[in-house]
Amino acid sequence: MELGNASAPRAGGAHIVWDWNGTLLHDIHAVVAASNAAFAEVGMPSITLERYRELYCVPVPRFYQRLLGRMPTDEEWEAMDAIFHRHYWAQAEGVGLAEGAAELLADWAGEGHTQSLCSLAPHDRLLPLVRAHAIDDHFLRVDGSLERSGGAKAAQMARHMAELARQDVGPGRTVVIGDAVDDATAAAHVGAAAVLYTGGSHSRSSLEAAGVPVVDSLAQAVEVAQEIALDGRG
């Protein structure tokens, strides 16, 4: 795991835990393209972005179950997962941040607030991308997954928060910003609040089922996170 270079938390301030794929990194089109390339290799029909958002869920084998009408075998899942990642990582370096993300991160840090990044992307691939976008100095921590195929976001978030506790960051003042229902579930698992963003992998209707605020831009997500902190609910 990696410590960033951000300053220590300001007493009483909110702490934001950002998701990476589909949230700070605007990679949904690369994800759909890689999915369709993988589907083509195994003889499955392609899907649209809207269909992807309608069906996508975690754990990912359940997503393939919705596509196939049955749960894939272990061999099928391993093959499709490997093919997807081969196509995705071939495109990842050319993917940009979400609109306004870099400015939001800089402004949040400049106002004396803290933030960190918790992702299921492989840690050894995540760090070079974060550094390439020159945003690593804004985070107290950057934690990617050390497990094969990502693992579970709730468990990853628990590890992330345990490390943040060493820097006096507790779940009571933490708000998770992500693009998936799994981000809200992970936040609840550690006692944090959550705000979900519609620019990634899920449809608005599926996000709203999580029972947390849903927004259409990262700027709105930060505003809501501030409100949660001020209301004492974060």
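1. A salt bridge is taken here as a side-chain nitrogen of Lys or Arg within 4 Å of a carboxyl oxygen of Asp or Glu. The model under discussion is a predicted one, and a search of the whole structure finds 11 salt bridges in it. As general background, side chains of opposite charge can pair when their charged atoms come close.

2. The pair K153 and D19 deserves a look, since it joins distant parts of the chain: K153 belongs to helix α7, whereas D19 sits in the loop between β2 (15-18) and α1 (28-41), 134 residues apart. Their side chains meet in a salt bridge with an N to O distance of 3.1 Å. Because buried means under 20% relative accessible area, K153 counts as buried at 4% relative accessibility, and D19, with a relative accessible area of 6%, is buried as well.

3. A second pair is E41 with R86, a salt bridge in which the closest N and O atoms are 3.0 Å apart. This one also links distant parts of the chain, with E41 in helix α1 and R86 in helix α4 (residues 74-92), 45 residues apart. Here E41 counts as partly exposed at 44% relative accessibility, and R86 counts as partly exposed at 47%.

4. E147 forms a salt bridge with R159, and the closest N and O atoms of this pair are 3.3 Å apart. Since E147 lies in the loop between β4 (141-145) and α7 while R159 is in helix α7, the pair ties together parts that are 12 residues apart in sequence. E147 is partly exposed, with a relative accessible area of 39%, and R159 counts as partly exposed at 35% relative accessibility.

5. Salt bridges also join residues into a network, whose members are R141, D143, E163 and R166.

6. Turning to helix packing, helix α7 (residues 153-165) and helix α8 (residues 181-190) pack with their axes 8 Å apart and at an angle of about 45°, which makes α7 oblique to α8. The crossing of α7 and α8 is right-handed. On the α7 side the contact is made by K153, A154, M157, A158 and M161, and on the α8 side by D182, D183, A186, H189 and V190. These contact residues divide into 6 nonpolar, 1 polar and 3 charged.

7. One residue appears under both headings and may be worth inspecting in the model: K153 of α7 takes part in the contact with α8, and the side chain of K153 also meets that of D19 in a salt bridge.

Key
Residues are numbered from 1 along each chain as its sequence is written. This is a predicted model: local features need pLDDT of at least 70, side-chain atom pairs count only at pLDDT 80 or more; totals for chains, interfaces and linings use all residues. Side-chain values use heavy atoms; hydrogens and water are left out. Axes are lines fitted to C-alpha atoms, for helices over the stretch in contact, and angles run from 0 to 180 degrees between N-to-C directions. Helices (H or I, at least four residues) and strands (E, at least two) are DSSP runs, numbered from the N terminus. Angles under 35 degrees count as roughly parallel, over 145 as roughly antiparallel, 65 to 115 as roughly perpendicular and the rest as oblique. A crossing is left-handed if the near helix is turned anticlockwise from the far one by less than a right angle, and right-handed if clockwise. Contact means heavy atoms within 4.5 Å. Ala, Val, Leu, Ile, Met, Phe, Trp, Tyr, Cys and Pro count as nonpolar, Asp, Glu, Lys and Arg as charged, and the others, Gly among them, as polar. Buried means under 20% relative accessible area, exposed over 50%, partly exposed in between (1.4 Å probe, protein chains only).
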